[in-house]
Amino acid sequence: MEFNGNHLIELGYRPAKWFKDAITHINENNLDEVQIKEYLDQFKQPDIIPLHDTAKDFIINIRAEHESEVDNVEKVINTMKVLMKTPTLTAGALMPDACPTGPEGLIPVGGVVVAKNAIHPGFHSADICCSVMLTDFGDADPKEVLDAAHSVTHFGYGGRPRGEQMPMSQELMDAFRENYFLNDEKLISIARSHMGTQGDGNHFLFVGTSKNTGNTMLVTHHGSRAPGAALYDKGMKVANRFRQDISPETLRENAWIPFDTEEGQAYWEALQLIRTWTKENHTNIHDAVLNKLGAEKQDRYWNEHNFVFKDGDLFYHAKGATPLDDKFMPDITGPRLIPLNMSEPVLIVQGKTNERNLGFAPHGAGRNFSRTQHKKSLAHKTVEEIFDEETQGLDIRFFSNEIDISELPTAYKSAKNVRAQIEEYGLCEVLDEVLPYGCIMAGDVGKNAPWKKKKKFRKA
């Protein structure tokens, strides 16, 4: 009787790509029972890791302050209850700015989870190392700083055109080439063209003045752009290969790469390189503004708020949460930054790990409603009316020259409530505030996108 796939399954093997070749080998060589067992040892599969029977405990640092927030708070708590059944997780926390990112079980924005010996690409998502940097411009005129910044930064899709690109260090390019996940000349070329760009969505360039000193401050907010998105895609594919073998019950989005594997080591290294790229990106923009004005920086500091942080064999995944504990940031140079919305101050904070925060604070104001829902709620007003009402007294600019009402202040949670809950739950201490003068955002980059123009042209 010919050996077949059912025999492999009876022996305890899960269907896999190698089944076909193994069956052929066994039958062609007419292996006996002992020989079959010896041959199949090479395909020994790891034990299945089940979901936790009950969700691991997590800390809730959020509550509904208004009727409009009830649904949001219920959703983030329910999604955490599903998420915390993921086998690797040991602890978690919700921040006051938490909001869902999709179906139940996906890590919410404003969520922190701790995994043992595992890196979850889905927990940092495509915008790896989304972060903020502040430069103190001393007594510079805020308008001059904003004007200079507008002339040197870049928002929107894609990278900078040739002749306008900002330098990516040779050392970093060489490091990319030595990493399993980043060794791709096309990816390196994209990394070079995206240097000095800020993307779209909620990313911004903000200018304001220190409440304490009166000095003018420049704050940028963006992530790792296309290089980070490419790493995320590769990481998810590797994580899901592991998931299929060791924990098929785990949601695809929550798959992980075991750190004690070659892939885990390489992915961790790749994350650090993407972190370096992102910090270099911020630095290039800030230095270009200083050079444009012929000014010197008085101070500068930076922190990510969408990343993975390591402490021994524990990996802290912050999906929109500000790291406070110095152990998370080897290059710490100052306090941390929490932006709220374009009409509110950027908070300059410090703090330590306590029983409620796991070493983190909020990263911003979050959302109660999706962009689409928010736009529908304002459909009775014109875009110009909404813009005028919400930006009065501020110098607000959209790089695309198209107003995006989904990024105006009312699109976000109440900054007042977020600040109140930071204090209520003892998450961190506010040291200073950067009072708003103005900011630049991408705007509605899809309204007159190049591909839409081409489509209209073809119809003509």
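D326 is partly exposed in this predicted model, with a relative accessible area of 48%, and its side chain meets that of R336 in a salt bridge, with 3.1 Å from N to O. The two residues sit in distant parts of the chain, 10 residues apart, with R336 in strand β12, which covers residues 336–338, and D326 in the loop between β11 (321–323) and β12. R336, for its part, is buried, with a relative accessible area of 5%, so in this pair a buried arginine meets a partly exposed aspartate.

Let me stay with charged pairs and turn to K211 and E433, whose side chains also form a salt bridge, here at 3.7 Å from N to O. K211 belongs to the loop between β6 (204–210) and β7 (216–222), while E433 belongs to strand β16, residues 429–441, so this salt bridge ties together parts of the chain that lie 222 residues apart in sequence. The lysine counts as exposed, at 53% relative accessibility, whereas E433 is buried, with a relative accessible area of 11%.

The third pair to look at is R397 with D395, where the closest N and O atoms of the salt bridge are 2.8 Å apart. These two residues also belong to a network, since salt bridges that share partners join K143, D147, D395 and R397. As for their surroundings, R397 is buried, and D395 is buried as well. If you would like the total for the model, the count of salt bridges comes to 20.

Now to the cysteines, which some of you may wish to find on the structure above. How many disulfides does the count come to? The count comes to zero. C99, to begin with, takes part in no disulfide, and the nearest cysteine sulfur, which belongs to C130, is 13 Å away. C99 counts as buried, at 8% relative accessibility. For C129, the closest cysteine sulfur is again in C130, but at 8.3 Å it is too far for a bond, because a disulfide needs the two sulfur atoms within 2.5 Å. C129 is buried too, and its relative accessible area is given as 0%.

On the surface, there is a patch of negative charge in which D32, E33, E38 and D41 gather. One of these residues, E38, lies in helix α3, which runs over residues 33–40, and E38 is exposed, with a relative accessible area of 55%.

Next come two residues with a backbone angle worth inspecting by eye. S125 is not a glycine, and yet its phi is positive, at about 60°; the residue is found in the loop between α5 (121–124) and β5 (130–136). N401 is likewise not a glycine and has a positive phi, in this case of about 65°, and its place is in the loop between β15 and α13. Is each of them buried or exposed? S125 is buried, with a relative accessible area of 15%, whereas N401 counts as exposed, at 69% relative accessibility.

The loop that holds N401, between β15 and α13, also holds F399, and here I can add the limits of the flanking elements, which are 395–398 for β15 and 415–424 for α13. F399 counts as partly exposed, at 26% relative accessibility. Its C-alpha atom is separated by 29 Å from that of M173, a residue 226 positions away along the chain.

I will finish with two further separations across the model, in case you want to trace them on the structure. F307 lies in strand β9, residues 299–311, and is buried, with a relative accessible area of 2%. From F307 to G446 the distance in space is 28 Å, C-alpha to C-alpha, and the two are 139 residues apart in sequence. E269, by contrast, is placed in a helix, namely α10, which covers residues 262–293, and this glutamate counts as partly exposed, at 39% relative accessibility. E269 and P436 are 37 Å apart in space, again taken from C-alpha to C-alpha, with their positions 167 residues apart in sequence given as the separation.

Technical notes:
Residues numbered from 1 in each chain as written. Predicted model: local features only at pLDDT ≥ 70, side-chain atom pairs only at ≥ 80, totals over all residues. Heavy atoms only, no water. Salt bridge = Lys/Arg side-chain N within 4 Å of Asp/Glu carboxyl O. Helix = DSSP H or I, 4+ residues; strand = E, 2+ residues; numbered from the N terminus. Buried < 20%, exposed > 50% of the residue type's maximum accessible area, 1.4 Å probe, protein only. Patch = residues over 30% accessible without salt bridge, like charges linked within 9 Å, V, L, I, M, F, W, Y side chains within 5 Å. Areas by Shrake-Rupley, 256 points an atom, 1.4 Å probe, with all protein chains shown as cover. Lys, Arg positive; Asp, Glu negative; His and termini not counted. Charge placed at Lys NZ, Arg CZ, Asp CG, Glu CD.
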